[in-house]
Amino acid sequence: MRDCGDCTACCLLTTVRELSKDDGVLCPHCTTEIGCGIYEDRPLSCREFKCFWLAEGWPTHLRPDKCNVMFEALPGVTTVLALPVVSSETFDTDVYRVIQKMVNKGRAVIFQRECFLPAGKTKEDVLQDIQKVLRINNGCSNI
Ligand code: SF4
Ligand code: SF4
């Protein structure tokens, strides 16, 4: 099975509820030397998380630490988040091809506060998607 190698992008970019870690804050267990310092005991959300690169078997140069963007599917909706790993805008040009492919397949992509929308989808649709995800994450089931 494919593994993450030296990449630790999701240890910065994702929320880990079990550790009260917010997105955008590097996990205190993440080290440059060995990656996850509690790998055998890491929380379930870390075990279950798969960025698109890992889940879809994308080419090596699109691994988040290499192309500087991590693509994350939001559960239950067709909107995808594309999250910069670094603040600079030096992304692999293939990142934009990936976004276009996703849009062609009917997914909306949010990247750098910009919405890339498939035909027939509006920004309001995407906002509804996001609100739905936020309600799911807050434990609301009456959607
Ligand atoms: S961002 Fe993707 S490739 Fe990188 S460590 Fe997380 S799951 Fe693995
Ligand atoms: S516990 Fe490990 S895998 Fe999970 S965010 Fe922290 S360093 Fe990454």
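**Figure 1. Threonine 93, an exposed loop residue of the predicted model.** Threonine 93 counts as exposed because 7 other C-beta atoms lie within 10 Å, and a residue is exposed if that number is 12 or fewer. Its place in the chain is the loop between S4 and H5; strand S4 covers residues 79-84 and helix H5 residues 94-104. From threonine 93 to cysteine 51 the C-alpha to C-alpha separation is 19 Å, and the two are 42 residues apart in sequence.

**Figure 2. Cysteine 51 and the residues it touches.** Leaving aside residues up to four places away in sequence, cysteine 51 touches Cys10, Pro64, Met70, Phe71 and Glu72. Cys51 is also among the closest residues to ligand 1, and it belongs to the largest nonpolar core, where it is one of the residues that touch the most other members.

**Figure 3. The largest nonpolar core.** This core holds 24 residues, and those touching the most other members are Cys10, Cys51, Val69, Met70, Phe71, Ala82 and Val109. Two or more residues come from each of H1, H3, strand S3 (69-73), strand S4 (79-84), helix H5 (94-104) and strand S5 (108-111). The element that gives the most is H1, with four residues.

**Figure 4. The shell around ligand 1.** Ligand 1 is surrounded by 13 residues, of which Cys4, Cys7, Ala9, Cys10 and Cys51 are the closest. Helix H1 (9-13) and helix H3 (52-56) are the elements that give two or more residues to this shell. By class, the shell consists of ten nonpolar, one polar and two charged residues. Cys10 and Cys51, both in this closest group, are also members of the largest nonpolar core.

**Figure 5. The shell around ligand 2.** Five cysteines appear here, namely Cys11, Cys27, Cys30, Cys36 and Cys46, together with Val16, His29, Ile38, Arg42 and Pro43. The shell divides into eight nonpolar residues, one polar and one charged.

**Figure 6. Serine 20, a residue with positive phi that is not a glycine.** The phi angle of serine 20 is about 55 degrees. The residue is found in the loop between H1 and strand S1 (30-31). Serine 20 has 8 C-beta neighbours inside 10 Å and therefore counts as exposed.

**Figure 7. Asparagine 68, another non-glycine residue with positive phi.** Here phi is about 70 degrees. Asparagine 68 lies in the loop between helix H4 (64-67) and S3. Why is asparagine 68 assigned as partly exposed? Within 10 Å there are 18 other C-beta atoms, whereas a buried residue has 20 or more and an exposed one 12 or fewer, so asparagine 68 falls in between.

**Figure 8. The fold that frames these views.** The protein has six helices and six strands, which run α-β-β-α-α-α-β-β-α-β-β-α from the N terminus on. The radius of gyration is 16 Å, close to the 15 Å that the globule rule gives for 143 residues, so the protein is as compact as a globular protein of that length. Along the principal axes, the C-alpha atoms fill a box of roughly 45 × 40 × 30 Å. Of the 143 residues, 21% are buried. Among contacts between residues at least 6 apart in sequence, 45% join residues at least 24 apart.

Notes:
Residues numbered from 1 in each chain as written. Chains lettered and ligands numbered in written order. Predicted model: local features only at pLDDT ≥ 70, side-chain atom pairs only at ≥ 80, totals over all residues. Near = placed C-beta within 6 Å. Nonpolar A, V, L, I, M, F, W, Y, C, P; charged D, E, K, R; others polar. Core = buried A, V, L, I, M, F, W, Y, C linked by C-beta atoms within 7 Å. Contact = placed C-beta atoms within 7 Å. Rg over C-alpha atoms; globule rule 2.2 N^0.38 Å.
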